[in-house]
Amino acid sequence: MKYLEEFQDPALARRLLEDVHATVTRPWALMEVCGGQTHSIIRHGIDQLLPEAVELIHGPGCPVCVTPLETIDKALAIAALPDVVFCSFGDMLRVPGTGRDLFRVKSDGGDVRVVYSPLDALDIARRTPDKQVVFFGIGFETTAPANAMTVHQARRLGVRNFSMLVSHVRVPPAIEAIMSSPHCRVQAFLAAGHVCSVMGTAEYPALAERFGVPIVVTGFEPLDILEGVRRAVHQLERGEHRVENAYPRAVPDHGNPAALAMLADVFEVTDRPWRGIGTIPGSGWRLAPAWREYDAEHRFGVTGTGTREPEACRSGEVLQGHIKPHECAAFGTTCTPRTPLGATMVSNEGACAAYYLYRRLGTGPAAATGKEATPVG
């Protein structure tokens, strides 16, 4: 806790805020890419402490939220099969598919288990050779190396009853898709530090140059985010568009060579649909042909799941930064964490969940926009 408290110092936060206030001369719109950053921003009231001219737009950086509905439905179908043990991180169990979720499959008799690592699922496969064990491998570049390593371990150990339902997504193509939209208002990005700790920063300069946007690699504590905002605002005011690493304690510019080598061996880049957004070319990973025997989608051949999104859910617009969660009529009424219409209300990185947790108890427009939130420190 000692080291976390250093990045929540109110005096340092005030100094960073004063710098931003003194620098801004016109409106700017910045997007934080990661859902973890969104929760930190809303929890600590960072957006309300910034000048009114600086708007933080919440991006599609929640891996649970962007996992496509068709993949969720395939997971539900596989989990319901006899002699299958379906393993997942806990935040996926309440994500709604078409008509049900993994909790419902479990209550109906499916063997659905929460694990804390893909290696836990591999261990279950080793201990239950009479069952087919499937791990739900989702996430951005951050979780992909561990999933790749687990598949590698399964082959090394000769475990044949293990497979993975893969739905990995990549950040740079998502930034490109956001900036290419005719409705885009984003003028700078706060890039996710944990993603860059794996991948490095090499993919970002071309995007910054092509779209004329500053990209600042940022951490997750309040001071990390404020420093990222400060650097982005300074660039915008000077008319610059560079990549800056404001998270050097965790992010080497070259990334993690061992993780990158594992990813290159086990996965290949593919087009990937994003829930509420649509297909983004080259935005995902799947198991490479040499590892296809561990691909659950290939092993079980689940097709024709008949996906259907709830009409009242506007999570796609939230994920693209077109609206804030409270602007959806279903928010906090027909859509809550216990009765979610979309994944953004379920995940602990979802923007709707953040607003529900930290903003819903106020009254009037000020509460919806966070004017009553607890400030940093």
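A residue counts as exposed when its relative accessible area is over 50% and as buried when that area is under 20%, with partly exposed residues in between. By this criterion Pro82 is exposed in the predicted model, since its relative accessible area is 66%. The place of Pro82 is in the loop between α6 and β3, and its C-alpha atom is separated by 9.2 Å from that of Gln132, a residue 50 positions away along the chain. The loop between α6 (69-79) and β3 (84-88) also contains Asp83, which adopts a positive phi of about 65° although it is not a glycine. Asp83 has a relative accessibility of 48% and therefore counts as partly exposed.

At the level of the whole chain, the secondary structure consists of 18 helices and eleven strands. The C-alpha trace spans about 65 × 45 × 45 Å along its principal axes, and the radius of gyration of 21 Å agrees with the value near 21 Å that a compact globule of 377 residues would have. Of these 377 residues, 55% count as buried, while the accessible surface of the chain comes to about 16,000 Å², with 52% of that surface belonging to carbon and sulfur atoms. When contacts between residues at least 6 apart in sequence are considered, 77% of them join residues at least 24 apart.

Two elements illustrate burial in the chain. Helix α17, which comprises residues 351-359, has seven of its nine residues buried, so the helix is largely enclosed by the rest of the structure. The buried residues of α17 are Ala351, Cys352, Ala353, Ala354, Tyr355, Tyr356 and Arg359. In strand β6, formed by residues 162-169, the position of interest is Ser167, which counts as buried because its relative accessibility is 2%. Beyond its neighbours within four places in sequence, Ser167 is in contact with Thr67, Pro68 and Thr71, with Gly137, Ile138 and Gly139, and with Arg272.

Internal voids were examined next. Rolling a probe the size of a water molecule over the atoms shows where empty space is left. The structure holds three cavities of 30 Å³ or more, and the largest of these encloses about 90 Å³ of space. Its lining is made up of 13 residues, among which Cys313, Cys328, Cys335, Thr344 and Cys352 lie nearest the centre of the cavity. Cys352 is also one of the buried residues of α17. By class, the lining of the largest cavity divides into nine nonpolar residues, three polar residues and one charged residue.

The second largest cavity has a volume of about 60 Å³ and is likewise lined by 13 residues, those nearest its centre being Gly59, Leu319, Glu349, Gly350 and Ala351. Two or more residues of this lining are given by each of the elements α3 (35-44), β2 (54-61) and α16 (315-319), and the largest share, three residues, comes from β2. The lining of the second largest cavity contains five nonpolar, seven polar and one charged residues. Ala351, named above among the residues nearest the centre of the second largest cavity, is one of the buried residues of α17, so that helix α17, with seven of its nine residues buried, contributes to the surroundings of both cavities through Cys352 and Ala351.

Technical notes:
Residues are numbered from 1 along each chain as its sequence is written. This is a predicted model: local features need pLDDT of at least 70, side-chain atom pairs count only at pLDDT 80 or more; totals for chains, interfaces and linings use all residues. Side-chain values use heavy atoms; hydrogens and water are left out. On a 1 Å grid over the protein atoms alone, a cavity is a set of points where a 1.4 Å probe fits but cannot get out, and a pocket is an open set with protein on both sides within 12 Å along at least five of seven lines; lining residues have an atom within 4 Å of a point. Grid points are joined across faces, edges and corners, and a volume is the space filled by probe spheres set on the points. Ala, Val, Leu, Ile, Met, Phe, Trp, Tyr, Cys and Pro count as nonpolar, Asp, Glu, Lys and Arg as charged, and the others, Gly among them, as polar. Helices (H or I, at least four residues) and strands (E, at least two) are DSSP runs, numbered from the N terminus. The radius of gyration is taken over C-alpha atoms; the globule rule is 2.2 Å times the number of residues to the power 0.38. Buried means under 20% relative accessible area, exposed over 50%, partly exposed in between (1.4 Å probe, protein chains only). Contact means heavy atoms within 4.5 Å. Accessible areas come from the Shrake-Rupley method with a 1.4 Å probe; for residues, only the protein chains shown count as cover.
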